[in-house]
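I opened the notebook with a short list of things to look up. The overall build comes after one residue, and two helix pairs come last.

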Amino acid sequence: MIAELGHAALWLAAALAALQMASGFLALRAAEGSEIAALVRPSAIVQGALASFSFAMLLWLFAVTDLSVKLVAANSHSLKPLVFKLSGTWGNHEGSMLLWVTVMSLAGALIALIERRLPDRTMNATLGAQGLVALGFYAFLILSSNPFERLPVPAPEGLGLNPLLQDIGLAFHPPTLYMGYVGLSVAFSFAVGALLTRQVTPDFASAMRPWVLGAWVFLTLGIVAGSYWAYYELGWGGWWFWDPVENASLMPWLAATALLHSTSVLASRDALRVWTIMLGVVAFSMSMVGTFLVRSGILTSVHAFAVDPERGTFILILLGLFIGGALLLFALRANTISEGQRFNATSREGALVFNNVMLSAILAIVLLGTLYPLLTEAFDVRVSVGPPYFNPVGAIFAVPMFAIMAIGPLLRWRQDRVERIRPELSLFAALVLVALIGFGIVANVAILPLLGLALGIGLAVASFLPLRGRSLKRVPLATWGMVVAHFGIAVALLGMASESAFSREKLAAIEPGQTTQVGPWSVTLSDVVPVAGPNWTALEGRLSASYDGSEPVALTPQSRRFWAPPQQTTESALSTRWNGQLYAVIGDRSPDGRWQLRLWWKPFVTLIWYGGLLVALGGALALVGRVITDVRRRRIAARIVERRSDREALA
């Protein structure tokens, strides 16, 4: 009965999405305040409630391990811990798509409930576009990916979840990414609504900005969580693989970063109108491309869902309809979008445009490197594209982007002179130059890590220069957000460069009681013992590791064997210090009785994820600051209107 209730709610939500779409678009031609226009907001709100109910029913089915439901039987097991049962709800194709459409419908409901800044026509068009996108995903779920399908006969036991996904990371990584993707769908709907009504205004950008900021924060958190999860789970010591599915989350983030800055300029300075609309379409396009890559079956990846090509074709059709239609609309209406306020190249707007071009170029590089192997494989030519392509080619555009990121916030809006910021510019250049010379002389570092270290140091200091000479108590929260986010980029860049420049690796085959060395660490294998978990058994290495003769710490890497489904995995062990991480993996036992150990010493690698968290924190501070500012402005405007009304009444 629970499955049937969830399925019925899904159908009803789809029907309301159709009503929301139809009423939203028909309201464009109807008179203001018409009955058809009055249906738009309520249909969005009720749709959100029904989709949430449907997803709650699926959560319940996984929590109780209802093996009469095909999805539960294929992706769960009665012996799994509850947290993995629940997170397994979205650890599969159908469940993750239901989570996607649930978050999307909740976003539409929230817009309908709280957004009052836009004219009614633009608001109706926006909700109509959001209803169209939601309807496409509802159709995909109902017609080809029904999560509530029953088995003719209940399964005696579930097949279990992929052991690599049986990790607490599954509880955080996919939901945060989906919230980011859905936030970009909202930005896309706003862009379509503004194009339909030809109202690309600062008010439109102010309404759109919180959603872009929120999406960007969640995408950042999702990428950071996914990177660290893969780093410790897959057991080979890398934090970024340039895997096509990882790139699928990076591409929307790059587009969202450019969109975020364009939206801020349009809201504050009434400029970059065309940039904002175009990036709104491109950002959601990249999330749709990522969805296609993950679910089409054309990729072999630990991140990809193994689904049949028919579903990929369905998503490709949705991609063509949504993005092709939006681009066609943009082409038809672009000439009706006024230019907005002009500005000089030497201005803060000019710096933002330059960095938007750099971000767009990096996005194109990642997109080409991700799709090129797939295109060549269609002609029976297998090509591998990895760090030798992505790192140097991306650096061509990333290096000037980081330099302008340091300088841009110091420039004035509209027009400025370089001479005015010459002291700050000289400080940044001196820091970069000293770091280049210092690391170049002291350490044997390759050119890209060397540039990363130098730019990271310069950007870390330059991030705080916009606060110079200001009363810190009066600095707006949004400005603090910018400072923290830029500082987070510098911290992450320093972590990436340090890990690349200074990492040490050691492969050893030793017996219990023997010691090996990696960097400043002495690691002793004390013993290897069998252990058991809820649905796995393992051989656990007992390691004792000492940093430069200090007090030893215990490490317990494991080689696990799951039985539902049967699979062997490697569980790494980490010892974290302020200046880096020791990473240990245990392998097989050789015929002569020695155990294989793989050890890494990674100086300052944790700065990568600390920096990512700072970036997300900066975005969150900016979001809160913008919301507070908008609320204050609306209250002031309401008071002014009220006073005018009182004066007119007295007159």
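**Entry 1: one residue.** Before starting I wrote down what a helix is here: a DSSP run of H or I with at least four residues, numbered from the N terminus. The model I am reading is predicted. I looked up Glu377 and found it in helix α12, which covers residues 348–377. Is Glu377 buried or exposed? Neither word fits, because its relative accessibility is 35% and that counts as partly exposed. The cut-offs I needed were under 20% for buried and over 50% for exposed. I then took the distance from Glu377 to Asp630. Their C-alpha atoms are 51 Å apart in space, and the two residues are 253 apart in sequence.

**Entry 2: the whole chain.** I noted 17 helices and ten strands in the protein chain. The C-alpha trace spans about 100 × 75 × 55 Å along its principal axes. How does the radius of gyration fit a compact globule? The protein chain has 27 Å, which agrees with the value near 26 Å for a compact globule of 651 residues. Of the 651 residues, 55% are buried. I also looked at contacts between residues with a separation of 6 or more, and 73% of these join residues 24 or more positions apart.

**Entry 3: α2 and α6.** Helix α2 is residues 40–63 and helix α6 is residues 120–144. I read an angle of about 30° between them, with the axes 10 Å apart. Their crossing is left-handed. On the α2 side the contact includes Val40, Arg41 and Ala44. On the α6 side, Met123, Asn124 and Tyr138 are among the residues met. By class I wrote down seven nonpolar, two polar and one charged residues for this contact.

**Entry 4: α15 and α16.** Helix α15 is residues 447–462, and helix α16 is residues 477–502. Their axes are 8 Å apart, and the angle is about 155°. Why do I call α15 roughly antiparallel to α16? The angle makes them so, because angles over 145 degrees count as roughly antiparallel. The crossing of α15 and α16 is left-handed. From α15 I listed several of the contact residues, including Pro449, Gly452, Leu453 and Ile457. From α16 the list includes His486, Phe487, Leu493 and Phe502. The residues of this contact divide into 14 nonpolar, five polar and no charged.

Conventions:
Residues are numbered from 1 along each chain as its sequence is written. This is a predicted model: local features need pLDDT of at least 70, side-chain atom pairs count only at pLDDT 80 or more; totals for chains, interfaces and linings use all residues. Side-chain values use heavy atoms; hydrogens and water are left out. Axes are lines fitted to C-alpha atoms, for helices over the stretch in contact, and angles run from 0 to 180 degrees between N-to-C directions. Helices (H or I, at least four residues) and strands (E, at least two) are DSSP runs, numbered from the N terminus. A crossing is left-handed if the near helix is turned anticlockwise from the far one by less than a right angle, and right-handed if clockwise. Contact means heavy atoms within 4.5 Å. Ala, Val, Leu, Ile, Met, Phe, Trp, Tyr, Cys and Pro count as nonpolar, Asp, Glu, Lys and Arg as charged, and the others, Gly among them, as polar. Angles under 35 degrees count as roughly parallel, over 145 as roughly antiparallel, 65 to 115 as roughly perpendicular and the rest as oblique. The radius of gyration is taken over C-alpha atoms; the globule rule is 2.2 Å times the number of residues to the power 0.38. Buried means under 20% relative accessible area, exposed over 50%, partly exposed in between (1.4 Å probe, protein chains only).
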